[in-house]
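Colleague: I am new to this one and would love a friendly tour. Could you walk me through it?

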Amino acid sequence: MAAPLHRTLAAELRRRIRSGAIGIGESLPSEAQLCREFAASRGPVRQALAALRDEGLIGGGQGKRPVVLDAVPAQPFESFQSFTRRAELTGHVPGQRLQEIALRRPEPAVAAALQLDDDTPAVQLLRLRLLDGRPAMLERMTYVESVGRALLDADLDAGSIYALLTSHGVDLHAARHTFDAVAADATDSALLEVPVGSPLLRERRLTSDSSGRPLEWSDDRYRSDVATVTVTNTRSSRAPVTRL
């Protein structure tokens, strides 16, 4: 089934922005020009532009031509746990290569995060994630045994683990994300194709069910040329709390 026209149009405009064909600070073609180029009515064109505005890629409105603000789309929070979903939302083709999976005792820090006894086994895996066929991120994931056993016989090169687990009824309710920078170790270097010591963006994630029981601990390391983090603050009646 063909994708809706507004999604095709948005994907093409994202590609032009990401490639630099339309640079930051430059104006997009007018709605009339886009309608002619894509043989579209104003409805799909406006839907596509609205999607790019929501992602923070473009600004402007009220009769003004949209201007490119950024080349990296922001992702909605609900897509944050799924690399596959984030890639699709930003116009990339996701991929994955499982490197290893095993049932074993995790290291003490991971066991503590998952509230496991030191001798309790967990399912651990190492998986390389790809964007458009290029190495982008390396996942080191640990699941409590009751959740992770579903992964031992699954084809983990087929797509999203998040989608697989939710299809099995796993209650992935909440996650705490911590970001920092680390130097690539030998494993990172070999799989991400960067020199040892290169800076990587690391996301550590602890995912819990709706009762607060930890289910997953993940250490995800991104190449610095394919990932950024953007935080948007909004004033409200209650002051936000930030913990470092």
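Modeller: Gladly! Please keep in mind that this is a predicted model. A good place to start is an open sheet of six strands with antiparallel pairing. Its strand order is β3-β4-β5-β8-β7-β6.

Colleague: Which strands stand at the edges of that sheet?

Modeller: Look for strands with a single partner, so that one side has no neighbour in the sheet. The two that fit are β3 (94–104) and β6 (174–183).

Colleague: How many bridges join β3 to β4?

Modeller: These two strands run antiparallel. Within the pairing, E100 stands opposite L126 in β4. The number of bridges joining β3 to β4 is ten.

Colleague: Which helix packs on the sheet, and what angle does its direction make with that of β5?

Modeller: The helix touches β3, β4, β5 and β8. That helix is α6, and its direction makes an angle with that of β5 of about 130 degrees.

Colleague: Which element gives the most to the largest nonpolar core?

Modeller: That core has 19 residues, and L125 and Y143 are among those with the most contacts inside it. Elements supplying at least two residues each include α6 (145–152), β4 (122–131) and β8 (214–223). With three residues, the one that gives the most is β5.

Colleague: What share of the protein chain is buried?

Modeller: The chain has eight helices and eight strands. Buried here means under 20% relative accessible area. Of the 244 residues in the protein chain, the buried share is 41%.

How values were computed: Residues numbered from 1 in each chain as written. Predicted model: local features only at pLDDT ≥ 70, side-chain atom pairs only at ≥ 80, totals over all residues. Heavy atoms only, no water. Core = buried A, V, L, I, M, F, W, Y, C linked by side-chain atoms within 4.5 Å. Buried < 20%, exposed > 50% of the residue type's maximum accessible area, 1.4 Å probe, protein only. Helix = DSSP H or I, 4+ residues; strand = E, 2+ residues; numbered from the N terminus. Pairing = 2+ DSSP bridges. Contact = heavy atoms within 4.5 Å. Axes fitted to C-alpha atoms, helices over the stretch in contact; angles between N-to-C directions.
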